[in-house]
Amino acid sequence: MGAVMGTFSSLQTKQRRPSKDKIEDELEMTMVCHRPEGLEQLEAQTNFTKRELQVLYRGFKNECPSGVVNEETFKQIYAQFFPHGDASTYAHYLFNAFDTTQTGSVKFEDFVTALSILLRGTVHEKLRWTFNLYDINKDGYINKEEMMDIVKAIYDMMGKYTYPVLKEDTPRQHVDVFFQKMDKNKDGIVTLDEFLESCQEDDNIVRSLQLFQNVM
Amino acid sequence: MAAGVATWLPFARAAAVGWLPLAQQPLPPAPGVKASRGDEVLVVNVSGRRFETWKNTLDRYPDTLLGSSEKEFFYDADSGEYFFDRDPDMFRHVLNFYRTGRLHCPRQECIQAFDEELAFYGLVPELVGDCCLEEYRDRKKENAERLAEDEEAEQAGDGPALPAGSSLRQRLWRAFENPHTSTAALVFYYVTGFFIAVSVIANVVETIPCRGPARRPPREQPCGDRFPTAFFCMDTACVLIFTGEYLLRLFAAPSRCRFLRSVMSLIDVVAILPYYIGLFVPKNDDVSGAFVTLRVFRVFRIFKFSRHSQGLRILGYTLKSCASELGFLLFSLTMAIIIFATVMFYAEKGTSKTNFTSIPAAFWYTIVTMTTLGYGDMVPSTIAGKIFGSICSLSGVLVIALPVPVIVSNFSRIYHQNQRADKRRAQQKVRLARIRLAKSGTTNAFLQYKQNGGLEDSSSGDGQALCIRNRSAFEQQHHHLLHCLEKTTCHEFTDELTFSEAMGAVSLGGRTSRSTSVSSQPVGPSSLLSSCCPRRAKRRAIRLANSTASVSRGSMQELDTLAGLRRSPVPQSRSSLNAKPHDSLDLNCDSRDFVAAIISIPTPPANTPDESQPSSPGGGGGGGGRASSTLRNSSVDTPCLLPETVKISSL
């Protein structure tokens, strides 16, 4: 009887060991900390003033004390701005656009560089950034499938309760309209030049690009 | 919104650049935020202790006192700080919530004082962080229970009031369940208790041998046989009372089926049945054996005491809840008994005249030895038998002594845990619901804002300042962001109600009554569309309510919208909001051909995407039942293929 009890207890301790290792691994990962380059360098590289960089960094550090944002946190933050629907897909594409080095985490420099382009860049730079966002596989061309994914992600953010009611083929129609406008030579893909040309022709887009100027 | 999210708003707004090429309508202009002040340090003076923090920190939670404009009430212009006449120690925790996003509960403070501070600063207790939540809950519950006990002690005299006009049944049931409510119930309670005791004692006494009067030869017989009539009368009386009580309970029970199935009623039945069976069974020897067995069941009357004793009930409940542990104990004991009985049997097999005649016979020896009783009626005689016998007794101690404390501690742990788990589960649902409610506040904030007609051109003047409640810079920008998303997708955010109505309309072909929806959201969508799409002609279907309903229920607001589209003066403040954007609308509308056809049948809105304008307020008000027919304007560029619908009721 005692032998039976003994074997039972020893078996249990063996099972507990792997979980302890996992905890230690997790602890190690959270210890990784990243510090950005100096304030002057960032100021030189971006179009922000020192004060603006300070405000940005304070907010960034508060949310991500380790100095990097991973995709999960990114998605959570973005989801809070769009509580009606599901913002995770669009946040995923955004994250890939922010994460220029494809490391899986966004450091403060990447963050600030992208913001600098989006808020203080020229029209050309902004459009180029947008093209990069739409080009999911980063091959230099936008095809209909990529556009479909992006548009679907945007519509996902609207959620279920919209007016008028969202129909199944609404994203597809939207994509068709877009391609009609952008694809000059009707070859089914949009290149950077076509994109830039079409957008600059459209006054609305150019005007809207100025909208977010005073975000800071 | 959670901590720090406000600081990510610039990024979210910047990321909206990605929607621009897709937008089919021009995006609304950005709010003119006077955010050029940048970030400043605020001083909060709480009873003399100064706390300094960034303004942004406080702005993170706009629905609290410090995050909203409510703090302006506490602003002291002379000293330039916000003064609160509250406890500074508690304020530390409140401020830390803004800084870190987690609300911690101070361990040395009174829980009620903490609650009061939270209520003052506009923080919901559900915001207490997970690390401190359990303790907070426990302390609060303790407090509440203590207060409740005090209150109960005060009100000990008066019982719960019975609703007037309750039937005899309900009164009777209450009397049975709470004997303290009335004197009669109390008397009944004690009388039944007395008779249960009498019956049990009679059962016991009638088996005692009493020496009868001198008889030749003096025979000892149990008292029951000596005084059969006396005992029979007593038994009859008890059974009559029990039967009466059972029948009364059955009559008064609110749910008879449930009562019949309950444990107490089963005990009652088992207690009184033997008597009745005994009455009808003839007294012959064949059946008397069974009859005698039945009398054993009379002892179950003692369980009727559990109605009178709280402790018995608790014991029964804990036994029930520890059934698995007891089962395990029984199982391991059975295993051990079988093993040792087998061993002992084969060890003692060779001996002659041995008690260990079979393995089941050896069970008795094993049980007696393992529980260290050691009656000595069966003893092993071989050496092997003695060795195994001693091993049996030693392991018996282990097998029994080990699980029993575990079971005992399980009793108390499981018992308390069960109580607490149920309560926590119930609280968790409430807690999640409340958090969801708080979150939906932000979701609905945008819809509310739209309903209040806030999406007008910001330069339309002071008229709107009164209508739109004061919003922080963060809120303005966030709403602008959501507005941009709407424009990009040509769809609007709505709430569940309107959505379900819209679904209903689509499915039923527009025959549903639209009047409720029309009156609920007249200003928002229409003004939205008119202000945002002046240059692009979109198809608008004018969906109408049932004609009669709309006529009767046409609100002034709807009339406004209609009139506003035509720039005719309407005596309401809202029209000033509509005025400016509609100017641009009219300008652009002139270049199009708009024809409003009048059809008497309300057409399904989904199938009639069209653009039309009511011809004039007078004409438009010509009666209900107008729907515009489908019409296409060939010269119009219609990139937006989605049918936009404007709810305007023409009166």
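The second largest pocket of this predicted model has a volume of about 780 Å³. A pocket here is an open set of points, on a 1 Å grid over the protein atoms alone, where a 1.4 Å probe fits, with protein on both sides within 12 Å along at least five of seven lines; lining residues have an atom within 4 Å of a point. The volume is the space filled by probe spheres set on the points, which are joined across faces, edges and corners. Of the 31 lining residues, B:Trp173, B:Phe176, B:Glu177, B:Arg249 and B:Arg307 are the closest to the centre. Elements of chain B that give two or more residues to this lining include helix H6 (168-177), helix H9 (228-252) and helix H13 (310-321); helices are DSSP runs (H or I, at least four residues), as are strands (E, at least two), numbered from the N terminus.

The contact between the chains (heavy atoms within 4.5 Å) takes 70 residues from chain B and 63 residues from chain A. About 5900 Å² is buried between them, and carbon and sulfur atoms give 70% of this area; buried area is the accessible area (1.4 Å probe) lost on putting two parts together, summed over both. In chain B, the residues that lose the most area to chain A are B:Trp8, B:Phe11 and B:Leu22, together 13% of what that side buries. Zero salt bridges are found across the interface (side-chain nitrogen of Lys or Arg within 4 Å of a carboxyl oxygen of Asp or Glu).

The residue classes are as follows.

| Residue set | Nonpolar | Polar | Charged |
|---|---|---|---|
| Lining of the second largest pocket | 15 residues | ten residues | six residues |
| Side of chain B that touches chain A | 44 residues | 14 residues | twelve residues |

Ala, Val, Leu, Ile, Met, Phe, Trp, Tyr, Cys and Pro count as nonpolar, Asp, Glu, Lys and Arg as charged, and the others, Gly among them, as polar.

Residues are numbered from 1 along each chain as its sequence is written, chains are lettered from A and ligands numbered from 1 in the order in which they are written. Local features need pLDDT of at least 70, side-chain atom pairs count only at pLDDT 80 or more, and totals for chains, interfaces and linings use all residues, while side-chain values use heavy atoms, with hydrogens and water left out.
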